[in-house]
Amino acid sequence: IAQFGAPEMSFSPDGDFPIYYSEKGYCDVQLTFPEKGHLENTVQATSGLSPNSIPSHAEITLKDGTHKEFSGTAFHSSMPQCGDSALLKLAQDDVASEYDFARFLRDVFTDEHAPGLALDDGNDTVDGIFVSRTVASPTVLRRNEDGIWLNVNVRVRYGVSRQELEDSFTRLSKKYNYTYTIRTFSAPMMVDYRQDFIRQMNDVYEDYGYTGDYMVADGASYAA
């Protein structure tokens, strides 16, 4: 660095082609629902083991002896449509019908894009470049002394800011009676694939007989 100065960019050739020019951001939002009138009657409410996985199991136990369990299929939270959330099944069941957390889940997560959050309004392009759409999913649920604790994992597409994310959860907090904190946030990234140096990389790849393409990564990097 002393001799040549700091580089403008770096290239780490540890991934396969085709070229990924955009990567969704990563966010975990922690919500706490006081559940006044219900918490004291709830012995246990639990689902999920990891903030970035669709939960395959959920269960709830009430003081009156009611106990229900729900099963689903685990999958990576960057592609929630490939899993089958046991937590959403719990929220749909009559045993949870009066809980605020269940109302929130039923209303907001009607598909993998969580339309109730209204983060990107279905738009999948920025400046004419495809960047996919935001996806979100509830991944962990616990009953603790403060209420029902819920983790929501959000994979924001390029063009959605942290402020927009906070505005969305703030807007819904009054309706569903929760407080929240942003536990983790990594901004989405994009490089315009129409730039010459990216096109050249793809051309070289295709010169060797492979099929090139330009794609959006659903997941987020674990290292930067």
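**Figure 1. Overview of the protein, with its 4 helices and 14 strands.** Welcome to the whole chain before we zoom in. This is a predicted model, and its C-alpha atoms fill a box of roughly 70 × 35 × 35 Å along the principal axes. Of the 224 residues in the protein, 42% are buried. Looking at contacts between residues at least 6 apart in sequence, 65% join residues at least 24 apart. Several of the close-ups below show pairs of this kind in detail.

**Figure 2. Helix α4 and its buried side.** This helix runs over residues 196–207, and its 12 residues reach 16 Å from the first C-alpha to the last, close to the 16 Å expected at 1.5 Å a residue. Ile198, Asn202 and Tyr205 are the buried residues of α4. They sit on the same side of the helix because they cover an arc of only 55° around the axis. An α-helix has 3.6 residues a turn, so residues three or four places apart point the same way. The cover over the buried residues of α4 includes β1 (19–23) and β14 (214–217). On the face turned away from the buried side, look for the exposed residues Asp196 and Asp207. Following α4 comes glycine 209, with a positive phi near 95°.

**Figure 3. Helix α2 and the elements packed against it.** Here the buried residues are Asp100, Phe101, Ala102, Phe104, Leu105 and Val108. They pack against β2, α1 (86–92), β10 (135–144), β11 (147–155) and α3 (162–176). One of these residues, Phe104, returns in the view of the aromatic rings, where it pairs with phenylalanine 33.

**Figure 4. Glutamate 35, a buried residue that has no salt bridge.** You will find glutamate 35 in the loop between β2 (26–33) and β3 (42–47). The nearest side chain of opposite charge is that of arginine 103, 7.3 Å away. A salt bridge needs the nitrogen and oxygen within 4 Å. Leaving aside neighbours within four places in sequence, glutamate 35 is in contact with Tyr99, Asp100, Phe101 and Ile148. Among these partners, Asp100 and Phe101 are also buried residues of α2.

**Figure 5. Phenylalanine 109 in the loop between α2 (100–108) and β8 (125–126).** With a relative accessibility of 8%, phenylalanine 109 counts as buried. Beyond its neighbours within four places in sequence, phenylalanine 109 is in contact with Leu88, Phe104, Ala114, Ala136, Ser137, Pro138 and Val152. One of these partners, alanine 136, is 27 residues apart from phenylalanine 109 along the chain, yet their C-alpha atoms are separated by 7.8 Å.

**Figure 6. Two tilted pairs, drawn from the 11 aromatic pairs in the whole structure.** The rings of tyrosine 21 and tyrosine 193 have centres 4.7 Å apart and planes at 50°, so this pair is tilted. Tyrosine 21 belongs to strand β1 and tyrosine 193 to the loop between β13 (189–190) and α4, so the pair ties together parts 172 residues apart in sequence. Both tyrosine 21 and tyrosine 193 are buried. Phenylalanine 33 and phenylalanine 104 form the second tilted pair shown here, at 5.9 Å centre to centre and 55° between the planes. Since phenylalanine 33 lies in strand β2 and phenylalanine 104 in helix α2, this pair ties together parts 71 residues apart in sequence. Phenylalanine 33 counts as buried, at 0% relative accessibility, and phenylalanine 104 does too, also at 0%. The two phenylalanines belong to one aromatic cluster that also takes in Phe109, Phe169, Tyr176, Tyr178 and Tyr180.

**Figure 7. Three examples from the 7 salt bridges.** In one, the side chains of aspartate 218 and lysine 24 meet at 3.6 Å, N to O. Aspartate 218 lies in the segment after β14 and lysine 24 in the loop between β1 and β2, so the pair ties together parts 194 residues apart in sequence. Aspartate 218 is partly exposed, with a relative accessible area of 28%, whereas lysine 24 is buried, at 3%. Another salt bridge joins lysine 68 and aspartate 93 at 2.9 Å, N to O. It links strand β6 (residues 67–71), home of lysine 68, with the loop between α1 and α2, where aspartate 93 lies 25 residues apart from its partner. Lysine 68 is partly exposed at 32% relative accessible area, while aspartate 93 counts as buried at 19%. The last example is arginine 157 with aspartate 120, their closest N and O atoms being 3.8 Å apart.

Terms used: Residues are numbered from 1 along each chain as its sequence is written. This is a predicted model: local features need pLDDT of at least 70, side-chain atom pairs count only at pLDDT 80 or more; totals for chains, interfaces and linings use all residues. Side-chain values use heavy atoms; hydrogens and water are left out. Helices (H or I, at least four residues) and strands (E, at least two) are DSSP runs, numbered from the N terminus. The expected span of a helix is 1.5 Å times one less than its number of residues. Buried means under 20% relative accessible area, exposed over 50%, partly exposed in between (1.4 Å probe, protein chains only). The arc is that of the directions from the helix axis to the C-beta atoms. Contact means heavy atoms within 4.5 Å. Lys and Arg count as positive and Asp and Glu as negative; His and the chain ends are not counted. Rings of Phe, Tyr and Trp (its six-membered ring) pair if their centres lie within 6.5 Å; planes under 30 degrees apart count as stacked, over 60 as edge-to-face and the rest as tilted.
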